[in-house]
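The report below describes one protein model together with its ligands. Please keep the sequence and the structure in view while reading.

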Amino acid sequence: MTSPTHQPLPPKAFPVSWDQFHRDARALAWRLHEAGPFRAMVCITRGGLVAAAIVARELEIRLVETVCISSYEHQQQGDFDVLKRVAKDVVGTDEGQGVLIVDDLVDTGKTAKLVREMLPKAHFATVYAKPMGRPLVDTFITEVSQDTWIFFPWDTGLAFQPPISGAG
Ligand SMILES: O=P(O)(O)OC[C@H]1O[C@H](OP(=O)(O)OP(=O)(O)O)[C@H](O)[C@@H]1O
Ligand code: HPA
Ligand SMILES: [Mg+2]
């Protein structure tokens, strides 16, 4: 269980639909096609699972491993919990050379830094990136500002939207 530190909540919202996520993850696969080939994929659960399925399908990657990390409690980052590390045969003898790491996004970059230490020579890819985490990522598709919270389709549902004018 994480113990959230009290950071200010991001004021801006960037909602992502299933359709948009699929298109962005597929765009990531197109970009990664140039950077490969990859002998295995490591996805960072849980957010990385959906992007990993789409990229693995596009790039014909059949060996898919997980690294299980938790740090956010709602929108607050707390202590890191590494629940499962990467299997030795996936790390290989050369520090993760030929491995593709996939996550949904990089925010502060703390998760990416932790996983990079496990696989220093792997290629790190995310669908979305915020400026603080961007230097940790080799390939990404869309950058959003640091004060934006990305709402993923698996965390959201259809809801009434009040009019922009504020009336009603
Ligand atoms: O760059 P950072 O500030 O470290 O944040 C990015 C990480 O935070 C989220 O995962 P989270 O820990 O919330 O777990 P989840 O994927 O299970 O939702 C997201 O999926 C990334 O893995
Ligand atoms: O902007 C975000 N959206 C969803 N999960 C996250 N985890 C860290 N940052 C974010
Ligand atoms: Mg995650």
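A residue is called near a molecule or strand if its C-beta atom, placed from the backbone, lies within 6 Å of it. This is a predicted model, in which local features need pLDDT of at least 70 and side-chain atom pairs count only at pLDDT 80 or more, while totals for chains, interfaces and linings use all residues. Residues are numbered from 1 along each chain as its sequence is written, and chains are lettered from A and ligands numbered from 1 in the order in which they are written.

## The surroundings of ligand 1

There are 20 residues around ligand 1, and among these Gly-47, Tyr-72, Asp-107, Thr-108 and Thr-111 come nearest. At least two residues of this shell are supplied by each of β2 (40-45), β3 (64-73), β5 (99-106) and α4 (110-118), where helices (H or I, at least four residues) and strands (E, at least two) are DSSP runs numbered from the N terminus. The shell divides into six nonpolar, nine polar and five charged residues; here Ala, Val, Leu, Ile, Met, Phe, Trp, Tyr, Cys and Pro count as nonpolar, Asp, Glu, Lys and Arg as charged, and the others, Gly among them, as polar.

## The surroundings of ligand 2

Around ligand 2 lie Tyr-72, Leu-105, Asp-107, Trp-149, Ile-150 and Phe-152. This shell holds five nonpolar residues, no polar residue and one charged residue.

## The annotated binding site

An unreviewed UniProt entry carries the annotation "binding site", which covers Arg-46, Gly-47, Asp-103, Asp-104, Leu-105, Val-106, Asp-107, Thr-108, Gly-109, Lys-110 and Thr-111. Such positions are given in the numbering used here, feature names are shortened, and annotations may be inferred rather than shown by experiment.

Two of the annotated residues, Val-106 and Lys-110, can be looked at in turn. Val-106 lies in strand β5 and counts as buried because it has 27 C-beta neighbours inside 10 Å, whereas Lys-110, which is placed in helix α4, counts as partly exposed because it has 16 such neighbours inside 10 Å. The rule is that a residue is buried if 20 or more other C-beta atoms, placed from the backbone, lie within 10 Å of its own, exposed if 12 or fewer do, and partly exposed in between. Not counting residues up to four places away in sequence, Val-106 touches Ala-112, Thr-126, Ala-129, Lys-130, Gly-133, Arg-134, Leu-136 and Val-137, a contact being a pair of residues whose C-beta atoms, placed from the backbone, lie within 7 Å.

## The overall fold

The protein has four helices and eight strands, and along the sequence these follow the pattern β-α-β-α-β-β-α-β-α-β-β-β. Buried residues make up 31% of its 168 residues. Among contacts between residues at least 6 apart in sequence, 62% join residues at least 24 apart.

## The nonpolar core

A nonpolar core is a set of buried Ala, Val, Leu, Ile, Met, Phe, Trp, Tyr and Cys residues joined through C-beta atoms within 7 Å. The largest such core has 40 residues, of which Met-41, Val-42, Val-55, Leu-100, Ile-101, Val-102 and Ala-125 touch the most other members. Two or more residues are given to this core by each of α1 (18-35), β2, α2 (48-59), β3, β5, α4 and β6 (123-129), and the largest share, six residues, comes from β5.

How values were computed:
Two residues are in contact if their C-beta atoms, placed from the backbone, lie within 7 Å.
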